Amino acid sequence: MVSVTLLAALAGCAAQPPADVPQPPLGDQPPAARPERPKVDQAALRRERADHARQAAATAELAANTPASRNMRDYLAGVEQALISRGRLRSDDGSDIALTPERLTDDFVDVALHDEYLRQGGKLISRPTPAPLRRWQVPVAIRLEFGASVAPGQRTRDRADISGYAARLQRVSGHPVGLTAATGNFNVLILSEDERRAIGPRLAALVPGIPDGDIAALRDLSPQNYCTVFAYSNGNSPVYSQAVALIRAELPPRLRLSCVHEELAQGMGLANDSPRARPSIFNDDEEFALLTRHDELLLKILYDPRLRPGMTEAEARPIVLQIARELLATEA
């Protein structure tokens with residue numbers, strides 16, 4: 001961004017003193033008084049900020065303690081505890097699991113060249129379906145939007161987690177990804193049960209032309225879906241231009257971060273889940289909570305310049321296999 005400073009020249013007429021009034025010599029003119037800067041009462045400013053924070057926290061507590069939100073929070077806390085007790089939601093990168101170029105290629109085809117849902121009669125049906133390679137060509141600008149139920153402290157943690165993860169996605173993929181306070185093309189909504197159920201008009205404003213079925217899917221998200229993402233192209237283009245992710249505000253810490261990792265990576269173009277993918281977050285068995293070494297390799301492959309948006313499996317597979325061989329040879 002180029003910053004341009006405009007300097008304005010001011011001109012005017014000064015009133016002339018009467019001719020018979022003696023004028024002081026030029027050298028005796030008193031110096032012009034400099035306007036004093038208003039003093040900032042730092043203590044008052046701190047009190048004002050503290051009052052604002054308390055009001056925001058009180059508003060969030062009220063919004064987060066509706067019956068629906070309390071029930072969802074209790075349910076999700078139980079889910080997280082049960083998964084961790086079974087050795088799920090691993091936070092390591094899965095480096096203990098061996099990979100081969102062939103296995104990595106098959107996983108890429110399953111995850112990047114299939115859709116998780118099929119549109120049928122205006123509705124979304126869970127059914128993996130072959131799809132062309134899709135990814136972003138423009139920089140990904142992630143914009144966060146919090147419901148009133150998300151407390152200030154939690155917003156700070158979410159923002160830090162997503163900002164750090166965006167930097168990781170950029171480093172791994174080589175594609176520009178970052179957080180923005182301006183208008184973004186990847187909107188991440190963190191909402192409670194009640195806020196999500198009323199999100200229809202806001203979604204229509206954020207994503208003009210969003211299908212009614214997608215609004216319904218986000219508005220009526222089943223309890224078993226902790227988060228979700230939809231990415232969109234212009235017309236039939238295989239190039240993404242917009243995405244919207246929804247993350248439940250009631251999620252406990254590890255499930256919450258797991259949702260951030262999975263939905264943002266899926267919104268980059270790794271759109272499907274596969275029961276064969278391992279070690280991976282793109283697997284509904286919830287073994288891994290965070291992006292793994294395997295998943296980083298999938299992202300590297302997806303944004304390799306030898307591939308192009310629109311490629312079919314037949315076109316992409318031999319190239320993907322070659323890239324997988326190179327990546328794993330580099331790691332050896």
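Me: Where does Glu287 sit among the helices?
Reply: This is a predicted model, where local features need pLDDT of at least 70, side-chain atom pairs count only at pLDDT 80 or more, and totals for chains, interfaces and linings use all residues. Residues are numbered from 1 along each chain as its sequence is written, and side-chain values use heavy atoms, without hydrogens and water. Helices (H or I, at least four residues) and strands (E, at least two) are DSSP runs numbered from the N terminus. Glu287 is placed in the loop between helix 8 and helix 9 (293-302).

Me: Is Glu287 buried or exposed?
Reply: Buried means under 20% relative accessible area, exposed over 50%, partly exposed in between (1.4 Å probe, protein chains only). Glu287 has 8% relative accessibility, so the residue counts as buried.

Me: Which side chain makes a polar contact with the side chain of Glu287?
Reply: Contact means heavy atoms within 4.5 Å. Not counting residues up to four places away in sequence, Glu287 touches Gly87, Arg88, Leu89, Arg90 and Arg278. A polar contact is a pair of N or O atoms within 3.5 Å; within protein, one must be able to donate a hydrogen and the other to accept it, and residues adjacent in sequence count only if both atoms are side-chain atoms. At 2.8 Å, the partner is the side chain of Arg278.

Me: Which parts does the disulfide of Cys227 and Cys259 tie together?
Reply: A disulfide is a pair of cysteine sulfur atoms within 2.5 Å. Cys227 and Cys259 are joined, S to S 2.0 Å. Cys227 lies in strand 7 (residues 227-233) and Cys259 in helix 8 (residues 253-267), so the pair ties together parts 32 residues apart in sequence.

Me: What is the handedness of the disulfide, left-handed or right-handed?
Reply: Both Cys227 and Cys259 are buried. The torsion about their S-S bond is about -85 degrees, so the disulfide is left-handed.

Me: Which helix supplies the largest share of the largest nonpolar core?
Reply: A nonpolar core is a set of buried Ala, Val, Leu, Ile, Met, Phe, Trp, Tyr and Cys residues joined through side-chain atoms within 4.5 Å. The largest has 67 residues, and Phe108 is one of those touching the most other members. The largest share of this core, 6 residues, comes from helix 10 (residues 313-331).

Me: Over which residues does pLDDT stay under 50?
Reply: pLDDT is the predictor's confidence in each residue, from 0 to 100. The chain mean is 88. Where pLDDT is low, the predicted coordinates should not be read in detail. The stretch under 50 is residues 1-28.
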